[in-house]
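Okay, thanks for coming, everyone. Let me put the structure up, and then I'll walk through a few spots in it.

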Amino acid sequence: DSDADLRSSLSLRELDIPNRIAVSPMCQYSCETDGLPTEWHRVHLGSRAVGGAGIVMTEATAVEPRGRITPHDLGIWTDEHAAELEPITEFIREQGSVPAIQLAHAGQKASKAKPWEGNLPLQPGDGGWEVLSPSPDAYPSFPGDRPAMRKATVEDIQDVIDAYRDAAERALDAGFEIAEVHAAHGYLLHEFLSPVTNHREDDYGGSFENRTRFVREVAAAVREVWPDDKPVFVRISGTDWLDDRESWDAEQSARLAAALAEIGIDLLDVSSGGLHPDERIDGGPNFQVPLAERVDDGAELAVGTVGGITEPEQADALVRNGRADLVLVGREFLRDPYFGLRAADELDEEGESAWPIQYRRAVQ
Ligand code: FNR
């Protein structure tokens, strides 16, 4: 909408998000081995809610144990996970922010060591497990060992759809108000979208219709159990950055956006890449904004942009100029948990402080 700026509220269905700044999902690899949140998650997510983000989104949260990138990822495959996440969502809401969860399945990029422990595949029997792949023959040559893989059967696909549906129900019990389906960065759903990693010849491979079937079915399953008054987001990679071969690109992303809008998805969160080591990314400030604008052309849903956004003025201009409805901020929120408050201070002409009352003597 044309009058909006970074500080405007965003209404999606019946949910009012207080501003256009979201904490982008970021893995913390800080669980023990059970996917349950720890004090780290509580403080990490809680700080950014105190810090003025309109939305605080969890890291990629696995819908089943096999879908974790590492044994230390957050998960939501039992009711105990939901119960332990609830105090976190409650605290986020108390700060006036909206708790969101990214529901994820890592597909063939699962079963790895933590990044700071080398990120190499963990084999079954050595702390790892057999990972799900659309087409093991198409597995790209990442440095290091090949993981133990299994080609997803149609039954496996159905199990994952069911796991997403159950995870969404638990997320709701835990108090989340937005569910985001992770279909980006080379994880399971993206692996099905891209012809680079999907060589299947069944109903889930080949044509655009078939490659997008899995993500559409997952999105529909989540939408079905998520209340009508609350929004569902989907994160995609807007392109594989592999223009030298048949791959996933901006044109297909725009077509997918239209299909997801029809299912009732409220916002498309447009990232990119992560599928293949040959990708050639032109990074830098706002580098993924053109991909968001491309899907925004004609799509009946809101669009979020992410990547290389570090300055309040920069983020504000994106919303003011109608280039995105929501700005997701990743690494700048790691450097500055109070990025949202900094933005409010820098952009607020009236000078009314948005800082929590407990901190005001320091900032007034
Ligand atoms: C990420 N990113 C990411 N993306 C995602 O969809 N799910 C995730 O769990 C993670 N995990 C993650 C961990 C860490 C430590 C970083 C730095 C990044 C990507 C992230 O959400 C974001 O899209 C990128 O970092 C680009 O945005 P910035 O950092 O340039 O604002």
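So, to start with the helices: how are H3 and H6 oriented to each other, roughly parallel or roughly perpendicular? Before I answer, keep in mind that this is a predicted model. H3 covers residues 154–173, and it packs on H6 at an angle of about 30°, with 9 Å between the axes. Anything under 35 degrees counts as roughly parallel, so H3 and H6 are roughly parallel to each other. As for handedness, the crossing of H3 and H6 is right-handed.

Now look at who touches whom. On the H3 side you've got Ile157, Val160, Ile161, Tyr164, Arg165, Ala168, Glu169 and Leu172, and they meet Phe214, Glu217, Val218, Ala221, Val222, Glu224 and Val225 in H6. Sorted by class, that contact of H3 with H6 comes to 11 nonpolar residues, four charged and no polar.

Stay on H6, residues 213–225, because it also packs against H7, residues 250–263, at an angle of about 25° and with the axes 10 Å apart. H6 and H7 are therefore roughly parallel to each other too, and their crossing is right-handed. Here H6 brings in Val215, Arg216, Ala219, Ala220 and Arg223, while H7 offers Leu256, Ala259, Leu260 and Ile263. That contact of H6 with H7 has seven nonpolar and two charged residues, and again no polar ones.

Next, over to a strand. Glutamate 180 sits in S8, which runs over residues 178–183. Is glutamate 180 buried or exposed? Buried, with a relative accessible area of 0%. And what's around glutamate 180, if we skip the neighbours within four places in sequence? The contacts are Pro25, Met57, Ile101, Gln102, Leu103, Phe233, Val234, Arg235 and Asp269. Take arginine 235 from that list: glutamate 180 and arginine 235 are 55 residues apart in sequence, and their C-alpha atoms are 6.8 Å apart in space.

Okay, cysteines. How many disulfides does a search of the whole structure find? Zero. Take cysteine 27: the closest cysteine sulfur is the one in cysteine 31, and at 9.7 Å that's too far for a bond. For reference, the cut-off for a disulfide is sulfur atoms within 2.5 Å. Going the other way, cysteine 31 is in no disulfide either, and the nearest cysteine sulfur to it is that of cysteine 27. Their surroundings compare like this: cysteine 27 is partly exposed, at 24% relative accessible area, whereas cysteine 31 is buried, at 4%.

Let me move on to H11, residues 339–347. Which residues of H11 are buried? Phe339, Gly340, Leu341, Ala343, Ala344 and Leu347. Those buried residues pack against strand S3 (21–23), strand S12 (326–329), and three helices: H1 (39–50), H9 (312–320) and H10 (331–335).

Last stop, a loop. Proline 115 lies between strand S5 (98–104) and strand S6 (131–133). Proline 115 is partly exposed, with a relative accessible area of 38%. If you trace back along the chain, tyrosine 29 is 86 residues from proline 115, and yet the two C-alpha atoms are separated by 8.6 Å.

That's my tour, thanks for listening.

Notes
Residues numbered from 1 in each chain as written. Predicted model: local features only at pLDDT ≥ 70, side-chain atom pairs only at ≥ 80, totals over all residues. Heavy atoms only, no water. Buried < 20%, exposed > 50% of the residue type's maximum accessible area, 1.4 Å probe, protein only. Axes fitted to C-alpha atoms, helices over the stretch in contact; angles between N-to-C directions. Helix = DSSP H or I, 4+ residues; strand = E, 2+ residues; numbered from the N terminus. Parallel < 35°, antiparallel > 145°, perpendicular 65-115°, else oblique. Left-handed = near helix turned anticlockwise from the far one by under 90°. Contact = heavy atoms within 4.5 Å. Nonpolar A, V, L, I, M, F, W, Y, C, P; charged D, E, K, R; others polar.
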